[in-house]
Amino acid sequence: MSTGPVNKVGFSVVICAYTEKRWDDVHAAVASVRAQRHAPEEIIVVVDHNPALYARLQKSLTGVTVVENREGRGLSGGKNTGVAVAHGDVVAFLDDDAVAAPGWLEAFARHYDDPAVAGVGGLTLPMWPGSTPSSELVSAPVPATTGTRPGWFPEEFDWTVGCTYRGMRPGPIRNLMGGNASFRREMFPVAGGFSTGIGRSFHKRPLGCEETEFCIRLRQRSPESELVYDDQAVIWHRVPTERARFSYFRERCYAEGLSKALVTQSVGSQDGLASERAHALKTLPRGAVKGVGDAVRGEPAGIGRAGAITVGLAWTAWGYGMGLAAARRAGRRDRRAAARGRAQGRPGGEGVA
């Protein structure tokens, strides 16, 4: 990480909100951005197709730009809306149920002295059930306690709860994690924005990967650009009780596989799975072996972690396979429809990208 004086880069911080159940969380997130040592140029809260929440936040968040999502429902549309109204040199994204450490933007800013750096992401730490309540974080953004991690939950799979996972190293990286990321605003026209066909939306499954696909597409269109992970850019991300359960863990892994299938359809399997192959072949086996070793040394939960790693990998692979099969079926349907159109003298349609 670069050291020395921090440059004067202007940040637009975008927070996407969608439910009144996170009322205290959203206010804590905004308060943590206001408390930054490197003050943001503006804070933008994008409300996802929830008129009641939009009206309430407009009244309660003074000095904040509160706008409604102008695109389709979901994180991609919300982020694209935030980018469209942003004025800063850099657009930073913070989850609505997260709080940023006071040096978050300062750590990002140091990297933007290098013109090759197109984006910077940071370290996302989990706040497990029992952590400091969001209402207390409004006045003191750094949590006094981060709760208790379930004994069976392996750090290699912290991505399932939106957090940095074991195996990530500071430095150049393929893609940033969406809830703790920043990009030069000028790069969005280059990359084309976040895809509304990938990631969280009104769909019941906990899909993801909109930021993965965006980052890969950015690098494909601007190969000289670099994305950097800096573990000094710290945020804490709340994990609600339902997401600390094994049932959610398994469902999230399956959904991630489905999402990865969409990513590879968009950007190709070589780029779309490069990091995942390394994680599956190196980090996960080491984690499973460590879990068994912990159990042998007297920690029974180690067996649970080893088992969760095995199940998580299997469910993710299963989701990926099902996603590819669905994409192939859709492609065949499109080709048949195009062939029928040509036979009847009508222009054919485009297949799945």
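Select C16 and C215 to start: the sulfur of C16 is 15 Å from the sulfur of C215, its closest cysteine sulfur, so the gap is too far for a bond. This is a predicted model. C16 counts as buried, because its relative accessibility is 14%.

**Cysteines**

Next, select C163 and C253. The closest cysteine sulfur to that of C163 is in C253, 14 Å away, too far for a bond. C163 is buried, with a relative accessible area of 0%. How many disulfides does the count come to? Zero, by the distance rule used here. That rule asks for two cysteine sulfur atoms within 2.5 Å.

**D158, a contact of C163**

Keep C163 on screen and add D158. D158 sits in the loop between α5 (134-137) and β7 (171-172). Is D158 buried or exposed? Buried, with a relative accessible area of 3%. Show its contacts, leaving aside neighbours within four places in sequence. They are P126, W128, R149, F153, C163, T164 and Y165.

**Strand β8 and its partners**

Move to β8, residues 180-184. Five of its five residues are buried. Colour the two faces separately. N180, S182 and R184 lie on one side, and A181 and F183 on the other. Both faces are covered.

Now add the pairing strands. β4 (residues 90-95) runs antiparallel to β8, with five bridges between them. Look for A92, which stands opposite S182. Then add β6, residues 117-127. The pairing of β6 with β8 is also antiparallel, over three bridges. Here G121 stands opposite A181.

**The nonpolar cores**

Stay with F183 and select F93, F188 and F214 as well. What do these four share? They have the most contacts inside the largest nonpolar core, which has 48 residues. Strand β9 (residues 226-238) gives the most to this core, with four residues. A second core, separate from that one, has 35 residues. V33, V45, A109 and A233 are among them.

For background, nonpolar side chains in soluble globular proteins tend to be buried together.

Centre on F93 and show what surrounds it. Neighbours within four places in sequence are left aside. F93 is then in contact with V14, K79, V83, W104, G178, G179, N180, A181, F183, F188 and F194.

**Helix α3**

K79 and V83 lead to α3, residues 75-85, where both are buried. Nine of the eleven residues of α3 are buried, so the helix is largely enclosed by the rest of the structure. Select the buried set: S76, G77, G78, K79, N80, T81, G82, V83 and V85. What do the buried residues of α3 pack against? The list is β1 (11-17), β2 (42-47), β3 (65-68), β4, α6 (187-191) and α7.

**Helices α7 and α1**

Follow that list to α7, residues 210-221. The helix has twelve residues. From first C-alpha to last, α7 reaches 17 Å, close to the 16 Å expected at 1.5 Å a residue. Nine of its twelve residues are buried. Select them: E210, E211, T212, E213, F214, C215, I216, R217 and L218. C215 was the partner in the opening distance to C16.

Now show α1, residues 23-34. This helix also has twelve residues, and its C-alpha span of 17 Å is close to the expected 16 Å. Ten of the twelve residues of α1 are buried, so α1 is largely enclosed by the rest of the structure. The buried set is W23, D25, V26, H27, A28, A29, V30, A31, S32 and V33. V33 also belongs to the second core.

**Out to A339**

Select A339, in helix α11 (residues 301-343). A339 is partly exposed, with a relative accessible area of 35%. Draw a C-alpha to C-alpha distance from A339 to S139: it reads 63 Å. In sequence they are 200 residues apart.

**Last stop: confidence**

Colour by pLDDT. The chain averages 89, and 91% of the residues score at least 70. Over residues 348-353, the pLDDT is below 50. This stretch has ten contacts in the model beyond near neighbours in sequence. Where pLDDT is low, the predicted coordinates should not be read in detail.

Conventions
Residues are numbered from 1 along each chain as its sequence is written. This is a predicted model: local features need pLDDT of at least 70, side-chain atom pairs count only at pLDDT 80 or more; totals for chains, interfaces and linings use all residues. Side-chain values use heavy atoms; hydrogens and water are left out. Helices (H or I, at least four residues) and strands (E, at least two) are DSSP runs, numbered from the N terminus. Buried means under 20% relative accessible area, exposed over 50%, partly exposed in between (1.4 Å probe, protein chains only). A nonpolar core is a set of buried Ala, Val, Leu, Ile, Met, Phe, Trp, Tyr and Cys residues joined through side-chain atoms within 4.5 Å. Contact means heavy atoms within 4.5 Å. pLDDT is the predictor's confidence in each residue, from 0 to 100. The expected span of a helix is 1.5 Å times one less than its number of residues. Two strands pair if DSSP finds at least two bridges between them.
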